[in-house]
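Got your viewer open and a selection box ready? Let's take a walk through this one, stop by stop.

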Amino acid sequence: MNNKIVRISALCVLMTTCAFAQQKETISSQNELKEVVVSDSKFALPKEKSGKVITKITAEDLKKKAGQSIATILSSVAGLEINGNQSANGKNLGYYIRGGKNRQVLILIDGIPVNDASGISFEYDLRLLPVDQVESIEIMKGAASTLYGSGAATGVISITLKKSGKKAIVGNAYLDMGTNNTALSSKTSAQNFNQGFSVNGNVKKVNYFTSLNSTETKGISQIAVPNSTVNYEDDRFSRINYLAKLGYKAMDQLKLDFFYNYDKINNDYDGGFDNTGSNDTDLNHTTSEQFRFGFSPKYKYTKGEFILNSSFNKITRSYQDFDSSSNSVADSEYNSRSVNVDGFNKYEVMESLFFVTGVQYQFHDMNSVTPYGNIAKESTKFNMIDPYVTGVFTSDFGLNLNAGARLNIHSQYGNQLVYNVNPSFDFKSIPLKILASYSTAFVAPSLYQLYSEYGNASLTPEKNSTIEAGFEMRFLDKKIKLNAVGFYREQTNFIGFYFNPVTYDSNYINIEGMNKAKGVETELSFALSKKIKWNSNYTFTQVDEALNRLIPKHKVNSSLDFQINSRLFFNVNYQYVDSRNDAFFDGNTYTTQKIVLGSYQLVNASLRYELVKNRLSIFGAVTNILNADFVENVGYSSLGRNFKFGLNINL
């Protein structure tokens, strides 16, 4: 099946390229792409002058994906695998880009890095964020520590939240509900609810945006039932989100933006799968709370712009976990605080050259109270101060260059230097842009890895380097767009866990040696007509054995959009996910068992209709239409065929 999928994908790309290469066309300067990207320079840059293949999910794209989660939307992007997006809502998510996982993928919200400083891997939990509060998403793959610091080793997911419109007051309300079944269940009642509203406006020099969202699902056990005759209890998931933004235009050159958000998750969960059949329980419960607020002034002057992004983030996670050895429920709590201040300036030396210079300060601390020991925040903290510079050169004749460096100054392990060089050339006579880059990155050890009962204060950062090369092509006045990027990544000084079976000593260590990942990511977009558009992507990823868990070697996404008329929109999409390696601890044999999870294919469809133009719309969606019975994570439930219906009202 794998070879067949690869041959079909390659044949489609080859046939498309050959067919359209015969077309004679002239790409004039007036027809250049108007789309801009931000991720590779921190400032808006025309996409054709960027040396990276950056995927942008716009507000219009999100509207077409109504009813989907952020995780599901991201998992349809070339080069991304969001493990857990097809599981019960409370299941932990795994972010995989170019052979890297959560700790190597940096998430930004409105340009500010977000993470949980009390987590083992420092990662941010995307389950905290509802897609209904998101305006757009940019995904930039490859090492990006020069601009963004620790964690940007294999990719950056930059999420922009919604903001005010131009009118004095505008309201929006939405409601959707649906089923929540596995392939073995067929409940027809609604088990998945999502609702919310927002109010925003712009009055003279003041703009505002406020939003409330609530989500609740039930009907599925996290642990998979062994067969349809066995019933496990439902694991409920609920989330509530408040978001408020306030902006003030002090003068034409100066804007002041403030934000505050509160997010809370409550969910039940089962014991970790161990093949004993005793992991289903109704006693486990966890709560996660996040408080974020910040201030971002922006000042424009003749030759450039200065921006200061600042934020404070507090996350509290509590667990009530059943302990079978003592036949009781144990309580644990983790608290973290993070401060991020990033001041950066764009200065235009000339029209074709600008520099971005900045200094980023981060402070993190944590404390925890668990049955296995406590960690005090007074001794569990670190800070980083990183000066950085990036130069961006663009030209009328097609040559573009992005290069920069960052010095990471860490209070615990000292200094770390990273850099990047990213040239590209946009041919003017033919619709082709070629690009290449070499970049380095680092992943700082987490507070838990440094200071917990298993901590090692001598840890140094994990190091990454990535080289990539590729092209972008445009045909038929940009009705056809094709890009492909090949990458090779090396990872050294990996932070792993050491355990001595004789002395039972255990702690985190830096592991000697190198792990490698390589692959190809390609995207094809074809506007068949003004009403019909076909988007497809294919990802090939090959990693060393040490990295090879839950990463599909081959992955295909294909989507067809049909704007039937001005009010009616239809989408059908297909996803193929190759087989993946997984492992679990077997409670019967007390050994770690390796397992290969089979490949799977999903077909989904959705329909949206505007009952009142620009005022009232409804949608319906069917996911996993063929009710494929597959395993996303060994021992855990995966979603079967489900239906969802919803409405959206603009006031």
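What follows is a tour of a sheet, some charged pairs, two cores and one serine.

Keep in mind as you click around that this is a predicted model.

**Stop 1: the sheet**

Start by showing the open sheet of five strands, which runs in the order S3-S8-S9-S6-S7 with mixed pairing. Colour residues 54–57 (strand S3) and 112–114 (strand S7): these are the edges, and each has a single partner strand, so one side of each has no neighbour in the sheet. Going from one strand to the next, the twist averages 25°.

Now zoom in on S3 and strand S8, residues 134–141, which run antiparallel and are joined by four bridges. To see one pairing, pick lysine 56; its bridge partner in S8 is glutamate 138.

**Stop 2: the charged pairs**

How many salt bridges does the structure hold? The count is 24, and a few are worth selecting one at a time.

Select glutamate 468 and lysine 52, whose closest N and O atoms are 3.4 Å apart in a salt bridge. Glutamate 468 sits in strand S24 (residues 462–475) and lysine 52 in the loop between strand S2 (45–46) and S3, so this pair ties together parts that are 416 residues apart in sequence. Are these two buried or exposed? Glutamate 468 has 4% relative accessibility, so it counts as buried; lysine 52, at 8%, is buried as well. Keep both selected and add Arg98, Lys141 and Glu521: together with Lys52 and Glu468 they are linked in a network of salt bridges.

Next, go to lysine 555 and glutamate 81, where the N to O distance of the salt bridge is 2.6 Å. Here strand S28 (residues 554–563) supplies the lysine and strand S4 (residues 80–83) the glutamate, so the pair ties together parts 474 residues apart in sequence. Both lysine 555 and glutamate 81 are buried.

For the third pair, select aspartate 365 and arginine 337, with closest N and O atoms 2.6 Å apart. Aspartate 365 is in strand S18 (residues 353–370) and arginine 337 in strand S17 (residues 328–350), so the parts tied together are 28 residues apart in sequence. Check the surface here: aspartate 365 is buried at 3% relative accessibility, whereas arginine 337 is partly exposed at 32%.

**Stop 3: the nonpolar cores**

Hide the charged side chains and look for the largest nonpolar core, which has 31 residues. Which members touch the most others? Those are Leu74, Leu126 and Ile159. Among the elements that each supply at least two residues of this core are helix H3 (70–74), strand S5 (94–97), strand S6 (105–109) and strand S13 (237–249). H3 gives the largest share, four residues.

Centre the view on isoleucine 159 and show what it touches: the list includes Ile107, Ile109, Leu126, Leu129, Val134 and Ile137, along with Asp110 and Ser136. Then move to a second, separate core of 18 residues, with Leu45, Leu106, Phe344 and Val356 among them.

**Stop 4: a serine pair**

Finish at serine 536 in strand S27, residues 532–543. Its relative accessibility is 16%, so serine 536 counts as buried. Select serine 558 too, and you'll find a polar contact of 2.7 Å between the two side chains. Leaving out residues up to four places away in sequence, serine 536 also touches Thr522, Glu523, Leu524 and Asn557.

Conventions: Residues numbered from 1 in each chain as written. Predicted model: local features only at pLDDT ≥ 70, side-chain atom pairs only at ≥ 80, totals over all residues. Heavy atoms only, no water. Pairing = 2+ DSSP bridges. Axes fitted to C-alpha atoms, helices over the stretch in contact; angles between N-to-C directions. Salt bridge = Lys/Arg side-chain N within 4 Å of Asp/Glu carboxyl O. Buried < 20%, exposed > 50% of the residue type's maximum accessible area, 1.4 Å probe, protein only. Core = buried A, V, L, I, M, F, W, Y, C linked by side-chain atoms within 4.5 Å. Contact = heavy atoms within 4.5 Å. Polar contact = N/O pair within 3.5 Å; in protein donor to acceptor, adjacent residues only side chain to side chain.
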